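Hi,

Here is the structure I promised to pass on. Have a look at it first, and then read my notes underneath.

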Amino acid sequence: MILPYIMMKSYFVTLGFNETYLLRLLNETSAQKEDKLLIVVPSPIVEGTKAAIENLKIQTLRLRYPNPEIIEIKISSFDDILSQLLDNLLPLQEPVISDLTMGMRLMNTLILIAILVSRKKFTIYLRDENGGSRVVSFTSSDINALFKEYSSEEFKMLYSIFRNNAINTFELSKILGKSEKTIQNKISELKKLGILTQKGKDRTVELTSLGLNVIKLIKNSKLYIENEIQ
């Protein structure tokens with residue numbers, strides 16, 4: 001009998017005095033017992049965090065969530081803390097999931113930096129700390145689109161779409177002096193970044209909200225000045 005393939009996830013988080021947010025994260029992301037749950041906490045572990053860890057272990061066992069592995073991190077210099085985090089983060093299987101609402105701000109900030117520089121696929125959650133239901137999340141795909149070095153040709157296409165609000169491939173080909181096939185190939189490529197959408201019978205192209213933020217960043221860059229687009 002062939003067993004079904006289970007895609008494993010890795011959780012990389014810190015923990016404060018309350019395990020509630022972490023249990024909520026595990027529930028919302030459909031955590032499985034086979035997943036990896038790494039909890040990094042400052043050394044030495046304070047009593048409140050010890051109690052939260054013990055409560056968490058009871059709940060994860062009961063709910064068949066992954067067994068938490070506790071990693072103590074010595075708080076010293078930025079480089080040393082980052083090194084300790086990367087030692088534990090880099091071997092983890094993708095995707096990496098984290099929630100930056102728990103524990104010390106210091107640890108959450110450094111976890112965020114470690115995840116970003118690791119270049120792993122990730123999803124990060126931020127929650128309303130006042131107990132509300134508001135949740136903001138972003139992924140490695142979002143960050144990759146924002147940090148991508150866009151070529152002059154790509155910028156001209158994106159800015160033409162932005163300036164016209166919505167435009168089809170035929171109109172874009174006339175503006176940019178390229179064939180429709182070339183334009184469509186580039187659109188398909190940029191759609192994978194999540195910055196463009198294309199819909200309707202005439203395949204109208206529009207910028208997504210992520211794409212609008214990309215435009216803001218490029219307009220503030222050397223690329224914008226070099227193209228002398230007003």
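Let's start with a term you'll need straight away: a salt bridge is a side-chain nitrogen of Lys or Arg within 4 Å of a carboxyl oxygen of Asp or Glu. By that rule, the count here is eleven salt bridges.

Before the details, some ground rules. This is a predicted model, where local features need pLDDT of at least 70, side-chain atom pairs count only at pLDDT 80 or more, and totals for chains, interfaces and linings use all residues. Residues are numbered from 1 along each chain as its sequence is written, and side-chain values use heavy atoms, with hydrogens and water left out.

**Three of the salt bridges**

One of them joins Glu69 and Lys36, with 2.9 Å from N to O. Glu69 sits in strand S3 (residues 68-74) and Lys36 in strand S2 (residues 36-43), so this pair ties together parts that lie 33 residues apart in sequence. (Helices, H or I with at least four residues, and strands, E with at least two, are DSSP runs numbered from the N terminus.) How exposed are these two? Glu69 is partly exposed at 32% relative accessibility, and Lys36 is partly exposed with a relative accessible area of 32%. For that label, buried means under 20% relative accessible area, exposed means over 50%, and partly exposed is in between, using a 1.4 Å probe and protein chains only.

Another salt bridge links the side chains of Glu47 and Lys50, at 3.5 Å from N to O. Both belong to helix H2 (residues 47-62), and being three residues apart there, they are separated by about one helical turn. Glu47 is exposed at 58% relative accessibility, while Lys50 is partly exposed at 38%.

Then look at Glu154 and Lys186, whose side chains meet in a salt bridge of 3.1 Å, N to O. Glu154 is in helix H6 (residues 152-164) and Lys186 in helix H8 (residues 180-191), so parts 32 residues apart in sequence are tied together. Are these two buried or exposed? Glu154 is buried at 4% relative accessibility, and Lys186 is buried too, with a relative accessible area of 15%. Salt bridges that share partners join Lys148, Glu154, Lys186 and Glu189 into one network.

**Domains**

The chain splits into domain 1 (10-145) and domain 2 (149-228), with bounds that come from an automatic or database domain assignment. Taken over C-alpha atoms, the centres of domain 1 and domain 2 are 36 Å apart.

**A pair of helices**

Helix H3 (residues 78-89) packs against helix H4 (residues 105-118) at an angle of about 60°, and their axes are 10 Å apart. Axes here are lines fitted to C-alpha atoms, for helices over the stretch in contact, and angles run from 0 to 180 degrees between N-to-C directions. H3 and H4 are therefore oblique to each other; under 35 degrees counts as roughly parallel, over 145 as roughly antiparallel, 65 to 115 as roughly perpendicular, and the rest as oblique. On the H3 side, the contact (heavy atoms within 4.5 Å) includes Phe78, Ile81 and Leu82, and on the H4 side it includes Met107, Leu110 and Ile111.

**One residue to click on**

Try Leu172, which is in helix H7 (residues 169-176). Leu172 is buried, with a relative accessible area of 0%. Leaving out residues up to four places away in sequence, Leu172 touches Met157, Ser160, Ile161, Ile167, Ile183 and Ile187.

Cheers
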